[in-house]
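Student: Could you take me through a close look at the ligand site? I would like to know what surrounds the ligand and what touches it.

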Amino acid sequence: MRSYNARCELQMLIKNASDILRRMSHAAMRAGRSPDAVRLVAVTKTVDAETIKKAVDAGLRCLGENRVQEAQKKISNLKSQVTPPTPPLNKGGSIEGVEWHLIGHLQKNKSKYAVQLFDLIHTVDSIDLAEELNRQAEKAGKIQRILVQVKLSEEETKHGVSEKELMPLLEKIKGLRNLKLEGLMTMPPYFEDAEKARPYFKRLRDIRDEAERCGFKLPELSMGMSGDFEVAIEEGATMVRIGTAIFGERK
Ligand SMILES: *Cc1c(COP(=O)(O)O)cnc(C)c1O
């Protein structure tokens with residue numbers, strides 16, 4: 001029974017992931033973009049380690065977590081199940097071939113662990129945090145890849161820098177030698193109708209284009225979730241962060 005269920009779950013993950021990848025390709029092509037230009041970040045928050053292992057078996061290679069502590073347990077658990085020799089944590093924090101992304105808010109006092117665990121941190125939102133990540137990355141002998149999270153709505157609960165704060169933060173990061181800034185991330189308010197999120201995705205791309213005219217290189221746009229990733233891709237997303245549509249509703 002157990003192995004039957006396990007096989008079922010793997011089949012379900014393969015089916016969900018390939019459906020999503022197909023929809024991602026179609027959205028990219030509708031916008032005249034190459035399907036290769038968009039990556040799927042499978043959001044594994046609240047998903048248990050056993051299912052994550054199956055997601056990796058299903059071919060998912062880029063995993064997103066929103067909490068440092070939760071990720072710590074899962075990453076070490078997954079590492080212990082993988083047979084090939086694993087690279088040391090501070091050399092990118094990944095088991096062979098799997099990339100871990102931090103997509104949730106990061107508290108400054110967890111920077112050290114975030115640098116050990118994550119290949120890409122999507123949620124840098126203050127000069128203080130950038131400086132601390134740079135300090136910890138330097139100590140670990142790592143160049144930490146980051147995105148800056150931009151807040152485009154007035155919601156109290158959302159993190160991210162305002163448009164006004166963005167340029168000073170980008171300028172600051174330019175001087176931090178152990179950080180590699182790769183782009184921007186945003187999370188619009190939740191809408192039933194994905195079309196309502198479109199202006200937020202478009203706005204992030206416009207902000208990126210403006211920053212690039214000022215000399216910054218920001219190729220990555222992390223935007224789009226289960227309910228709105230196709231719209232995000234049409235507006236230029238290079239990474240979509242998808243949980244529910246792969247793993248089902250979170251408990
Ligand atoms: C949970 C989460 C997601 C995934 O949301 P789904 O709707 O389950 O796809 C994406 N981004 C962030 C920042 C999240 O916290």
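Tutor: Happy to! Let's begin with arginine 241, where a polar side-chain atom lies 2.9 Å from a nitrogen atom of the ligand. That is a polar contact, a pair of N or O atoms within 3.5 Å. Oxygen atoms of the ligand also have partners: a polar side-chain atom of threonine 244 at 2.4 Å, and one of arginine 250 at 2.8 Å. On its own the ligand exposes 380 Å², and the protein buries 91% of that (Shrake-Rupley method, 1.4 Å probe).

A word on the basis: this is a predicted model, where local features need pLDDT (the predictor's confidence in each residue, from 0 to 100) of at least 70, side-chain atom pairs count only at 80 or more, and totals for chains, interfaces and linings use all residues. Residues are numbered from 1 along each chain as its sequence is written, and side-chain values use heavy atoms, leaving out hydrogens and water.

Around the ligand, with a heavy atom within 4 Å of it, are residues including Val43, Lys45, Ile103, Met187 and Met225. By class, this shell has 5 nonpolar, 3 polar (Gly among them) and 3 charged residues. The protein chain averages a pLDDT of 92.

Notes:
Polar contact = N/O pair within 3.5 Å; in protein donor to acceptor, adjacent residues only side chain to side chain.
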